[in-house]
Structure formats: C-alpha cells, structure tokens
Amino acid sequence: MEETVAEFLRRTILKIPMYEMMTILKAWDFFPEEQLQTVNFRQRKEQLAVDLVLLCEKKSASLNDVALLDIIYTQAHRNHKVWDVFQMSEEPDDDVNLFDMEQFKSSFKKTLQRALRNVTVSFRNAEENAVWIRVAWGTQCSKPNQYKPTYVVYYPQTPYAFASLSTLKSTVPLLGQALKIASNHHQIMKMDLRSRHLDSLKAIVFKQYNQVFENHNSTKPLQERNLGQNRNVDPRLIHENTVEKERIQRITEETFGDYPQPQLEFAQYKLETKFKSDINRGILAEREEPLRCLVKFSSPHLLEALKSLAPAGIADAPLSPLLTCIPSKRKNYFKIRDK
Amino acid sequence: MEPCDSPESTPRQNASSNLKDYFLASTPWQKRLESVRKQTSFVQTTPRRKVPECSQLQETIDPHKLAFLLHKQWTLYSLTPLYKFSYTNLKEYSRLLSAFVAAEKQKGLAVEVGEDFNIKVIFSTLLGIKGTPRDSEAFLVQILSKSQLPSKNREDKVLWTGWFCCIFGDSFLETVSEDFTCLPLFLANGSESNTAIIGTWFQKTFDCYFSRLAINAFNLSWMAAMWTACKMDHYMATTEFLWSVPCSPQSLDISYAVHPEDAKALWDSVHKTPGEVTQEEVDLFMDCLCSHFHRHFKIHLSATRLVRVSTSVASAHTDGKIKILCHKYLIGVLAYLTELAVFQIE
C-alpha cells in the first residue's frame, strides 16, 4: 500500500467516532465479520487506527477502497457539509433515455479525466436509487488532494443533484459539466437553495415535506390548553383573545401545514425596493432610487422559528409570502425588486 | 425596545472662549445628577447630542498608536475613580504589575526563586485621547511576552492590551476630590483571564472598581443614528443591524444590512436640526428602517432585541464590545461611551 494511501486511510479512520466505528467498518465490508471480531476495539483510537491500517495493508487496500470508506463516513455525517442544489434541464425534443447507471458512472469519470489527468472518482449506490459520488481533485501535474473532496448525490430520473462543493472553487464548472454530460442533460444551473440538512433539501426539492403524519396531534382547541389561567379577567376579553389566538393558530397551520418543517439554517434576501411608508410619507419621498438592503435570517431550524413568530405576537398572521414560500419555491436566496 | 433611560441633557453650553468650537461639550449629566440628588422626578426633556465631528485633536495622537486602537474589538468596562494614581509613577507601576502578573500566572506551579519570567507589563500614556484639556490623560497597559531570541529585530509579542480614558468627563470630574483620577472608560483586548488579573491589581492598588459596560438597545439605536450622521468621504463598511428574536424553541437571528449611502440618504431625510441629533430623529430613523422591514416580512422588529449595530464609523455589541473603524471619529465614539460609563458608575 502506498504511503499516501495508508496515511489517507489512517486519517479517515481517526475521523470516525468510536461509537460508530463498528457500524461503519461493517458497512464498508472490506473485512469479513470474523476478522473484525479479532480486532481490539477497546484500545485508544490512535492505536486502533494503526492496527486497522496494518490489516488493510495485508489485504492490499486500494485508494478506491479508502475513498469508499470516506463516502460511508460522510453519509453518516452528511450534516457536517453544506449542500448546494443543482437542477438540470432536458435536451429539447429528446426522447426519454433509459437510464444506465454504469454508463453514467463511466461517462462522468471519463469527462473529468479528460479535463484533469489526476482525479479520483468513486461511487457508492444508496437508497432510493441515488448514487453518491466522491471526487478528489488534482491538476495535470499534481496528484489529487484527498482531503478536500467534492461529494455529489445524484438522483437518476430526476434532474437534481446535491453537491457539497470542495473549497477549490475552480472545480465547480467542471463538475457541472461532467454531471450534465453523463446524465444527458442540456443545461445545468445552481438553484438558490443551500443547507447543511441534505434530507431537508431533498424533501423540499422533491416536494415531500408536506406529508401528514398520522400521530400528529397539535390541533387541540386553545380553550383546553388555557384552562384555569385567566380567572380574574373579564370573560369577554378572554374570549376575544382566544378568538384572535385561534385565528393566528389556524392561519399559521394553513400556511405551514400540520407537519414538521424541513430543516434549513438560513434565508437571505437581497432587497432593492423603494422606501414607502403610510405613516412617514415625507421621508425619502422624492428619491427614485431604491434602498439596497441585505436581510439574512439565521436559525438552527429556520422554518420552525418562523412558524412560531405569529403565535408569539412578533409577526402578523399571515406571515409574509417572502418567508412562507421558501419550501414551495425551493429557494433560500432571493432577489426582491419593486414590480 | 427597552424603556427610555437616557439622561436628560441641556442644550449645548458654551465652554470658555479659549476653546475651539469642537470642544464644546454637552453636559447631559449635570442636570441628571442634580435631579437625582434632589430625588425629584425629572421631566424628560428631549435629549440631544452633538453630531460627532472630525476632531482636530487627532493631530496630537501618535498615528502608530492610533492605528493600534482602530480595527480591534474592545470589551468595555466602567471604572470608578482611581485613588492616588500618579502619572509620574508609571515605571514603578510597570514593575509592580509585571511581578504581580508573573506571580498570578505561576500560581500552583513550582518556581525557581529568581527565575526570569518571560512576560512584562508596560504602562504608557496616550496623548491626545481626550475631549477637553481637563480630561485626565489616557494611558495604555500592555502585557508583552519577552522575545526569547537575543536578536534585537525580534519584537515583543503583545498578549493583552487595556486602555483607560476619559472624554468630556467634566461633570464627573467635578464630583470627586483631587486625590482621585477619573478615567471612567476602560477598554480591553485579549484573554479574559489576563483582564481579570490586571483588574484585580488595579482594584487592590487604587481602590477602584471595574464593571462590565453593557449597551442596551436604546443606546445602540442612538449610536447607529449618530454614526450614520457622520460625514464620510467614503464608506468602508455596510450599515448593519443584528436583532435576536426571543422565539422558542429555536433561536432566530435577523441581520439587516443597508447600503451605507442609502442609510445616509434616509438619515438626511429624517434629520432636521443641523449639528445635533435629537431623540425624535433617532426614533424616526429606526422606525423607518423597521417599517421598511415590516412591509416586506410582516415582522415587528420592535418586538425583538437589538443586539448589534455596525457602521463605517464603528460597530457596537450589546454585550459591551466596540470596534472603532474610522480615525476621524474616534473621539466622538469614545465620548458617547464615556457618557455610558459615567452613567453606570453613578
């Protein structure tokens, strides 16, 4: 085994948390079960890595074997990466070609190899017919850097691919090219959608987020929830408050649905709109130019946070369509101009 | 927005005739101090502050030191007056504080007697960092790690910096006796453990007290308005506000950045009184920004918490952190902060 490959293997093993080690090694399927039983998993990770590398050397593990292990690790930690979404379009007047996975893989690899002599391309099939692709980039004269790979998750028979782009920005156009050609599409473009949560992106892109779960039970009438809280207040006031609260609750549910929201971390709006105010009419009245603003909403779970704003009294109900359209428009980057 | 707790201020008062115009200090504290002492409920007259002007004093500030103070994040503290502090003893203070810092750092470790510690503390004055000649001289304290190499070219590495200043602190000065030196504003950059060590020594030596200086949303709004009002030749940074939304279970942060030219245009449209900023104008400025936001997103920013404001002049965070970007308005920014520090002490 080459030294660089051994080192790559060692560093990949060290990334894996101990509690996952057995699971990931089993999924890798490089060692038979019996051999895994002979390994001492109770020792320190550094020592375990040394042992495993030795075993791999005996079995002549290849670069591709290690790349596969890296894919499996990344699949288990997909939320550590930031994912962009690419959408491809069909050739006009093209018959629907029967998708051939092997042909796709071969074409993808060849396109990259023709452009850059040194690339490492690895594939792993995943659930729902998806294929995970790992690309390590080199140049015409230097070997691929295994520590800054790009990952792509492609769903054949759909025009979508999700990519965790390497920090090497120059690789993006070539990647797009390879995807487009290998999948027989005419165009490829990056959608204005980005998140760490790959599964949420999938749910948004494939419009799968609005599935109602049978056990979901949040629509208890408000009166039941507020029992006993308002003893000394005028009952008519309580009634009005309750009516308003129920209205807000109803509208919020209509807008966001009765299901868990897909998970996004941010939404960004580039605004170029004129200043208009009913109350402050004189301000900037003569100015033709719009106000140039950049608004960014950030949260560990953006859509759930937005959903809670109206019930909390911080926002009006219904909430602005600029916010509520995020899943349906499949965007979290927007440019807003006056009509 | 939090309830208004700004001090009242009297309209600009003329200082003595030998001072140039830009040393005119508004003394908002005078009236408030008096009313607090009398324990009368004070009537809220609309507070005013002078628009920060490019201070001529800049010329006396060492440009090297000035560059050192800018573009750094400082944590803010208010500091009560120092008892029997003397500017002639700075070398002695350096020596004592060096020993103290070394001792604190070595606590718990076995140390050879007479060992040469590899850090030193230096006191130096900061000339020109004041509002009026009456303000106490600002000074700087730095913890440096002594260069291990014998070569003279190797500079000592700065580990921690703190500086003390007083800008337009007239009213405050008047309340203390001569044994005290008033430097109510303290700014620190470096690890918190070092700040704690330095603070302990000062508190023991000069019988003073440090206290973190938080900046509430009300004052952040004032800063945003005042700094937007400053004339700039060119803008280095966008004008940005950061709000934190108290929703649960997930936190939500809203960053709202406006092109600095547009922010200035909005301010100019709001601004009526030349040379001064009034409460009404600040409120209107913020209200316009919030209503523009509401028009698009239907969210009431006023129901959330303003946490940070950032302009080409300076940026400030509610936790009491400041970064000054523009040398022209250094004194103006420090003047406001001194006000807040004095307010906290009283």
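Which residues have the most contacts inside the largest nonpolar core? The legends below begin there. This is a predicted model, in which local features need pLDDT of at least 70 and side-chain atom pairs count only at pLDDT 80 or more, while totals for chains, interfaces and linings use all residues. Residues are numbered from 1 along each chain as its sequence is written, chains are lettered from A in the order in which they are written, and side-chain values use heavy atoms, with hydrogens and water left out.

**View 1. The largest nonpolar core.** Y269(A), F297(A), L306(A), I129(B) and L334(B) have the most contacts inside this core of 115 residues. A nonpolar core is a set of buried Ala, Val, Leu, Ile, Met, Phe, Trp, Tyr and Cys residues joined through side-chain atoms within 4.5 Å; buried means under 20% relative accessible area (1.4 Å probe, protein chains only). Helix α6 (residues 217-229) of chain B gives the largest share, 10 residues. Apart from this core lies another of 29 residues, among them W160(B) and F186(B).

**View 2. Helix α7 of chain B.** Helices are DSSP runs of H or I with at least four residues, and strands are E runs of at least two, numbered from the N terminus. Eight of the 11 residues of α7 (residues 260-270) are buried, so the helix is largely enclosed by the rest of the structure. Among the buried ones are L266(B) and W267(B). The buried residues pack against β8 (291-298) of chain A, and also against elements of chain B including α6 and α8 (279-297).

**View 3. T120(A) and its surroundings.** Here we meet T120(A) in strand β2 (residues 119-125) of chain A, buried at a relative accessible area of 8%. Its side chain joins that of Q146(A) in a polar contact of 3.0 Å (a pair of N or O atoms within 3.5 Å; within protein, one must be able to donate a hydrogen and the other to accept it, and residues adjacent in sequence count only if both atoms are side-chain atoms). Leaving aside neighbours within four places in sequence, T120(A) is also in contact (heavy atoms within 4.5 Å) with residues including L63(A), R134(A) and P144(A).

Definitions and conventions:
Buried means under 20% relative accessible area, exposed over 50%, partly exposed in between (1.4 Å probe, protein chains only).
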